[in-house]
Amino acid sequence: MKRNASNVKSGVAREGANSLLHLLPFARPYALQFVLVFGLIVIYNATSVLQPYLVKIAIDKEISGPHIHTRGLFLITGIYVLVVLLGVLANYLQIVLLQYAGQNIIQKIRLELFTHIERQAMKFFDGNAIGRLVTHVSSDTETISQFFTQFFLSMVRDGLSLVMIVVMMFALNVRIAFYAMFLIPIIFLVSALFRKRLRIAYQTTRTRLSNVVAFLAENLAGVRITQMFHQEYRQAQRFDVLNRSHQTANIHEYYVSVQFNRVLELLGNVAVALVVWVGGGEVLHKVILFGTLYAFISYVRQFFTPINSLTQQWNTLQSSMVAADRVLRILQTKPAIEDPLLPQEIKSGLGKIVFDHVTFAYKQGENVLHDLTFTIEPGSFVGFVGATGAGKSSVMSLLMRFYEVSEGRILLDDVDIRHYRQQDLRRVIGIVQQDVQIFSGTVLDNIRLFQTQITEEQVIHAAKIVGADDFICKLPNGYQTNILAKGANLSMGQRQLLAFARIAVQNPRVLILDEATASLDSQTEQWVQRGLQTLAVDRTTLVIAHRLSTVRAADQIFVLDQGRIVETGSHSELFAARGLYRQLCEKSGVESAYVLSTNM
Amino acid sequence: MRQYLITKKWSYTTAIFSIILSEIVSVQFPHVLGEFTDALSRGALTSVLIAHYAFELLVIGILYVLLYGVGQMLNGRSGRIFEYQLRKRLFEHWESLSTDYYQQRSIGDLLNHAMNDVRAVREALSGGANILTNAVFLLLATLYMTFTTISVQLTFISMIPILLVPVLVVWFGPKIRTASREVQEALSAMAEFTEESLSAVRLIKATASEEVEAQRFSRKVQEIVKRQMHMVKRSAIFQSSIPLLGSLSFSIALLYGGLLTVSHKILLGQFVAFTLYLAMIITPLQQIGFVINNFQRASASLARLRVLLSARPSVVDSKTAISLPHVQGAIEVKLDFFRYPNSEHKVLEGIAFSVQPGQTIGIVGRTGAGKTTLANLLLRVFDPPRGAIFIDGVDIRDVVLRDLRTAIAYVPQDGFLFSTTIAENIGFAKAEATPSELMQAAKDAMVYEEIVRFKEGMNTQIGERGVTLSGGQKQRVAIARALIKNAPIMILDDSLSAVDMNTEKMLITRLKQLRTKKTTLIIAHRLSAVFHADQILVLDEGRIVERGTHEELLQRFGIYRTLYDLQQGEQGVTV
């Protein structure tokens, strides 16, 4: 069992390591920088190891030696200062250069990741929560960058300085150096043990703190409810429980970290005492000079920093492997819908649409559309009606090629839509949906969707067509007004009008309105309808409506039921046929609404 | 703050005392090594003496670690308890403040105060106390030791560079902090952008805007790199200059101290001890700088917290408030006009109506007609003018808030629920409610059948960490929460908007049965929720424009009739 677990663990580790290797190509252009950084670290380390050695020479040769030279002392101090300056310079360059490389690598990974995600078909977004994708782009990449910066740096810098210290010690005196070696495993062990405890304590504190934050945020948002129900006391008690448990964890975490630091310090002090004891004997028996002992004391103290920092890197490595794994999994997902190698140019057709025996399923085996065949003539106005789940929206998604048909084909101006590039196809088909997405930015940019080749005049023109110009001009800065997050400063109707203006500016030859007015209240809908009607002129227009009054005037109405077209015809034909359409009409009292729509 | 320090005075005194002690111990360390060296150069060293010195060093090492560790822990503990108490106070304070306070502030801001400002104060209090005591005493002790045992001149001259260390920290610290905040801002701007863009991915695809988005994203990422490099350069200079200053001091000590040793003005042991002292005080000097920065930040935080805590609730019990424990449910409204504080606009004007106990009143009108404001006044979320609203004949301004709100059960528009279990939400106002009472309330609110379909039933966790309820479910749970109060007055603030028509019908029938002797106010956008009301008020632009029963209003062919016709056509195929 135990063996099994460790197998799994090493498997994960191997995969993570593999993922990191797969990301290495992103680092390749910066190979030179990494080599330079390596060189600079060597210089920096050499300078810091040299410093105690120089002092040793000064003590043994110039200060307490048999032949005292003041000139020698000046010389040594001069060299010392030079060495220090060189080290500082190398250190500065190393930090900047390494960050430069790391940041650029991460920039590339981020860009690649983002464009790759956007290339995915809609199916991908059905299965991947947006919050998680955002985490991949923002924080996972950040964690990976720590591998290139912190991990790499620590391995080289700390590893190297450890080696150098050991070499210097052995060069000075093998016996004392040999004793000092016993310290290394002890420091590693103590660090590793405490690291684990520290990590657990830290995580506990973090979790409890986020509980406090979550509770606080929610209660600030709902303070009205608490007051209204007069539950201030009880909520305060609940807060107290969370707050107190965070306090306990917080104190515990601090204790562990104090203990850790003090134990390391204790080890250092004991080590120095031991060096004095052992080394003192050697000095007494004239085996070594006093300066050597002095250098040993400095080196023993220098031991602790690199070892401590090396044990820290174990965590960095693990978390960046996990992050690399996640990022790579996304990068290796091929988009479910790809453009043909030799795409057909989209001709300036009229917008004729043919569904030819189309069958479709989101999940294999659960067909949502069954063998759909119909033709929509260019320039006509077509309605799709049916109960929720009848498949109306799926028809539109297929036409936009958000999803791929399972069987059959869809033709636009007599060409299978799979022969077009997706972007070309979507430039000629415009869709307005029920929920309007708003970007943070100006009204202008929201209408032209940041496509700077669209001029302000074109945008204003489009807004006028759909009747959005009026309200936009009344906003504080007109078209330059910034829209707050999620369109908080716009009403539903205004947002919907923006969406219509977006489409008008794109000027597509086919227009799809997918329950575009469903979320509006009755009054707003009236003026939105007007914008919509102007938009529909001279285009092939497909309308999904849950208010039957919207599609009364359609040239043709398709009635869908459970993924099949059950009735086709104009309103009067269908009404006369006394089928499903008639039933739907009667249920929704379309006749009473008719009075209003003629009044419009 | 001061009070807190006083209550913890023993803990602080012990902590500071033990830190000072630890410093006195620790400055002996170079001293002993120095003596060792001198004994050596005098040739007086024996192996017994070596063991003696080594043992002394060991004792010093252990004592220091113990004393300092204890001091640190005590201080750290007090600081964290302070943090806890401050948050507790803030929370209780916030609970007492009225809605107008929250309208002017974002929750994010308040959270920021509660988390970051409190932490900044704590850091200064515990970390600051540790480090400052440590650094100051170490510095003093070192100076004392070097002055008395080594050389005043040597000390002065070689210390010049390292005395710049705290200056450097104070100067660079805020700059680096600003730079790092800018990096964080760029990072969160990118995350926000990604979220927004991916949420709109369908639109982006539909309009073939993938490249535009990629370019916009690229700009965000470049900004991060730019800011990051800016920060790194600053902090690299900072990080490199502290060891530089330390080494400069050391080289002066080496040269000048060396010369003094050579000319026998000081002994080799004194020289050795001095270099060790120098190494010892670099860290504390650096820390003094950090502490100064910490204190600056903390005093700003403390000032902000003080402002927060001095806010007073705008809706409070009047001095002559009377208790009204048994409300019958008669409401009388005689409101000339009402406008929100700091606003010129009259939200309500000339509102007069009365409700007998047991009646149901419907209030309808467009968004912005003033319906919710009316509910807010009744509940004293905002205070109405005196002499405007009466319950059982008593001006609500003279009623104890607690009694007023106990008498009214309120269902908010958004169906706000807490992220706990469904049962806890329903029993929010009634801690002692039995499981069967909770169940009954859920049944009355027509949501029980859906609740039992969840695996955990009534104990289902809702919100981010549990199941997400639909809008209609939330509203009905909120109704159950109000029903369990069994209050003489109930206000439903457009709280059936997301409930489907059939359920709405059943719910209203059930409400009618349950609230026969009690007063019910139903605010609605959908007229079907108020058909049955004894009286319907139609609000428009803050005024009552029509009133009467459903049938009466239909006959009048006014706004009500227009709304009715529109909504009849709206019901469509979604039924």
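How far apart do the C-alpha centres of domain 2 of chain A and domain 3 of chain A lie? The C-alpha centres of these two domains are 59 Å apart. The structure is a predicted model, and this report goes through its domains, its helical stretches, its nonpolar cores and its strands.

**Domains**

The domain assignment splits chain A into domain 1 (1-173 + 312-334), domain 2 (174-287) and domain 3 (353-599). For chain B the division gives domain 1 (2-151 + 266-310) and domain 2 (331-418 + 490-574). The centres of domain 1 of chain B and domain 2 of chain B, taken over C-alpha atoms, are separated by 61 Å.

**Annotated stretches**

In an unreviewed entry, UniProt annotates residues 30-53, 73-98, 151-170 and 176-194 of chain A as "transmembrane region". UniProt, again from an unreviewed entry, also places the feature "domain: ABC transmembrane type-1" at residues 15-297 of chain B. The table gives the helix and strand content of some annotated stretches, with the distance between their end C-alpha atoms.

| Stretch | Helix | Strand | End C-alpha atoms apart |
|---|---|---|---|
| Residues 73-98 of chain A | 100% | 0% | 37 Å |
| Residues 176-194 of chain A | 95% | 0% | 28 Å |
| Residues 15-297 of chain B | 93% | 0% | 24 Å |

A:Asp158 is part of helix H5 (residues 130-172) of chain A. Is A:Asp158 buried or exposed? A:Asp158 has 21 C-beta neighbours inside 10 Å, so A:Asp158 counts as buried. Residues up to four places away in sequence aside, A:Asp158 touches A:Pro306, A:Ser309 and A:Leu310. A:Gln237 is 79 residues away from A:Asp158 along the chain, and the C-alpha atoms of the two are separated by 49 Å.

**Nonpolar cores**

The largest nonpolar core contains 119 residues. The residues with the most contacts inside this core are A:Val385, A:Ile447, A:Ala463, A:Val466, A:Phe500 and A:Ala501. Helix H3 (residues 70-119) of chain A gives the largest share of this core, 10 residues. Why does this core lie between domain 1 (1-173 + 312-334) and domain 3 (353-599) of chain A? Both domains give residues to this core, so the core lies between them.

A second, separate core has 110 residues, including A:Leu172, B:Tyr12, B:Tyr53 and B:Met159.

To return to the largest core, A:Ala463 is one of its residues with the most contacts. Apart from neighbours within four places in sequence, A:Ala463 is in contact with A:Ile447, A:Ala468, A:Asp469, A:Ile472 and A:Ala501.

**Strands of chain B**

Strands of a sheet pair through backbone hydrogen bonds, in a parallel or an antiparallel way. Strand E1 (residues 331-338) of chain B runs antiparallel to strand E2 (residues 348-355) of chain B, and seven bridges join the two. Within this pairing, B:Phe337 stands opposite B:Glu349 in E2(B). E1(B) also pairs with strand E4 (residues 389-391) of chain B, over three bridges and in the antiparallel sense. Here B:Val333 has B:Ile389 in E4(B) as its bridge partner.

An open sheet of chain B is formed by six strands in the order E6-E7-E8-E3-E9-E10, with mixed pairing. Which strands are at the edges of this sheet? Strand E6 (408-411) and strand E10 (543-548) of chain B are the edge strands, and each pairs on one side only. On average, neighbouring strands of this sheet are turned by 15 degrees against each other, direction ignored. Helix H16 (residues 471-483) of chain B lies across E6 and strand E7 (489-493) of chain B, and runs at about 175 degrees to E6(B).

Strand E3 (residues 360-365) of chain B and strand E8 (residues 519-524) of chain B run parallel and are joined by five bridges. B:Ile361 has B:Leu521 in E8(B) as its bridge partner.

B:Leu521, in strand E8 of chain B, has 24 C-beta neighbours inside 10 Å and therefore counts as buried. Not counting neighbours within four places in sequence, the contacts of B:Leu521 are B:Ile361, B:Ile363, B:Ile491 and B:Leu492. B:Leu521 and B:Leu492 are 29 residues apart in sequence, while their C-alpha atoms are 6.2 Å apart in space.

Notes
Residues are numbered from 1 along each chain as its sequence is written. Chains are lettered from A and ligands numbered from 1 in the order in which they are written. This is a predicted model: local features need pLDDT of at least 70, side-chain atom pairs count only at pLDDT 80 or more; totals for chains, interfaces and linings use all residues. UniProt positions are given in the numbering used here, feature names are shortened, and annotations may be inferred rather than shown by experiment. Helices (H or I, at least four residues) and strands (E, at least two) are DSSP runs, numbered from the N terminus. Two strands pair if DSSP finds at least two bridges between them. A nonpolar core is a set of buried Ala, Val, Leu, Ile, Met, Phe, Trp, Tyr and Cys residues joined through C-beta atoms within 7 Å. A residue is buried if 20 or more other C-beta atoms lie within 10 Å of its own, exposed if 12 or fewer, and partly exposed in between; C-beta atoms are placed from the backbone. Domain bounds come from an automatic or database domain assignment. Two residues are in contact if their C-beta atoms, placed from the backbone, lie within 7 Å. Axes are lines fitted to C-alpha atoms, for helices over the stretch in contact, and angles run from 0 to 180 degrees between N-to-C directions.
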